[in-house]
Amino acid sequence: MTRSALTGEEVLTTAARLVRARGPAALTMRRLATELGTAVTSIYWHVGNRESLLDALVERTVREMGEIRPVGRTPHARIVSVARALYTALRERPQLIAMVHERGLTERMFLPAQQALVHEMHAAGLCGETAAEAVRAVQFQVVGFVLVERNRERSPEQHPSEGELWDSPTAEHDPALARALAGPVDTERLFTVSLDALVTSLLSPGGAA
């Protein structure tokens with residue numbers, strides 16, 4: 001059965017999937033052609049050589065990161081929604097984000113999300129340096145959380161582990177706290193709790209002063 005005509009967007013989508021799963025080193029034109037069920041020459045015709053393909057993937061990633069839009073009825077809710085969308089986007093495509101960073105386009109990639117945050121800070125009554133500090137605080141919270149999370153995922157097995165380190169004396173004789181810190185981290189809940197606390201603080205009178 002003859003496959004339908006190949007499109008450039010289909011090439012980029014499949015290439016992005018390969019990079020997300022195995023990293024950019026695994027992206028070869030031959031492997032991509034196999035995944036698409038087409039000839040290597042067809043891929044060259046659509047996207048050029050491998051370097052051009054990587055450049056196109058970076059531009060596509062920057063464009064996708066620019067599609068974040070706030071949702072919610074209040075500035076607080078909309079700021080949180082932007083932060084959560086940014087967190088999800090960074091978590092879903094670490095290899096592609098690394099490629100953007102290597103090409104010096106990180107600031108450009110973050111600009112649309114920052115602009116959305118600026119709009120919501122203004123809606124909440126913040127302006128000038130106070131608003132700028134609040135925007136950066138939210139961005140650093142999201143990016144920092146993702147980096148810590150990724151570091152924990154990649155770290156070797158710990159000896160002693162958190163479960164072995166946290167006992168009642170270590171936790172100042174608070175057994176419930178010791179049990180909680182010895183257990184697994186619910187990163188989704190932790191992100192939600194910390195983000196909500198940060199945004200509440202930033203939007204309170206004098207919060208970002």
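A cavity here is a set of grid points where a 1.4 Å probe fits but cannot get out, and its lining residues have an atom within 4 Å of a point. With that in hand, here are some close-ups of this predicted model.

**View 1. The enclosed cavity and the residues around it.** Rolling a probe the size of a water molecule over the atoms shows where empty space is left. In this structure, a search of the whole model turns up one cavity of 30 Å³ or more. Its volume comes to about 40 Å³. Look around the walls and you'll meet Ala-16, Arg-20, Leu-57, Arg-60, Thr-61, Glu-64, Arg-93 and Leu-96. Two elements, α1 (8–22) and α4 (50–65), each give two or more residues to this lining. Helix α4 supplies the largest share, with four residues. Sorted by class, the lining holds four charged residues, three nonpolar ones and one polar one.

**View 2. Helices α2 and α3 where they pack.** Two packed helices are described by the angle between their axes and the distance between the axes. For α2 (residues 29–36) and α3 (residues 40–47), the angle is about 100 degrees and the axes lie 9 Å apart. Angles of 65 to 115 degrees count as roughly perpendicular, so α2 is roughly perpendicular to α3. Zoom in on the contact: α2 brings Met-29, Arg-30, Leu-32, Ala-33 and Leu-36, while α3 answers with Val-40, Ile-43, Tyr-44 and Val-47. Eight of these contact residues are nonpolar, one is charged and none is polar.

**View 3. Thr-28, in the loop between α1 and α2.** Is Thr-28 buried, exposed or partly exposed? Its relative accessibility is 34%, so Thr-28 counts as partly exposed. If you widen the view, you can pick out Thr-74 too, 46 residues from Thr-28 along the chain. The C-alpha atoms of Thr-28 and Thr-74 are separated by 47 Å.

**View 4. Gln-114 in helix α7.** This helix covers residues 106–123. Is Gln-114 buried or exposed? Buried means under 20% relative accessible area, and Gln-114 has 18%, so it counts as buried. Which residues does Gln-114 touch, once its neighbours within four places in sequence are left aside? Val-135 and Gln-139 are the ones in contact with Gln-114.

**View 5. A cis peptide bond at Pro-160.** Most residues other than glycine have a negative phi, and most peptide bonds are trans. Keep both habits in mind for this view and the next one. Here, the bond from His-159 to Pro-160 is cis, with omega near 0 degrees. You'll find Pro-160 in the loop that runs between α8 (128–154) and α9 (162–165).

**View 6. Glu-172 and His-173, each with a positive phi.** Glu-172 is not a glycine, yet its phi is near 55 degrees. His-173 isn't a glycine either, and its phi is about 60 degrees. Where do they sit? Glu-172 is in the loop between α9 and α10 (175–182), and His-173 is found in the loop between α9 and α10 as well. Exposed means over 50% relative accessible area. Glu-172 has a relative accessibility of 71%, so it counts as exposed. At 61%, His-173 counts as exposed too.

Note on methods
Residues are numbered from 1 along each chain as its sequence is written. This is a predicted model: local features need pLDDT of at least 70, side-chain atom pairs count only at pLDDT 80 or more; totals for chains, interfaces and linings use all residues. Side-chain values use heavy atoms; hydrogens and water are left out. Buried means under 20% relative accessible area, exposed over 50%, partly exposed in between (1.4 Å probe, protein chains only). On a 1 Å grid over the protein atoms alone, a cavity is a set of points where a 1.4 Å probe fits but cannot get out, and a pocket is an open set with protein on both sides within 12 Å along at least five of seven lines; lining residues have an atom within 4 Å of a point. Grid points are joined across faces, edges and corners, and a volume is the space filled by probe spheres set on the points. Ala, Val, Leu, Ile, Met, Phe, Trp, Tyr, Cys and Pro count as nonpolar, Asp, Glu, Lys and Arg as charged, and the others, Gly among them, as polar. Axes are lines fitted to C-alpha atoms, for helices over the stretch in contact, and angles run from 0 to 180 degrees between N-to-C directions. Angles under 35 degrees count as roughly parallel, over 145 as roughly antiparallel, 65 to 115 as roughly perpendicular and the rest as oblique. Contact means heavy atoms within 4.5 Å.
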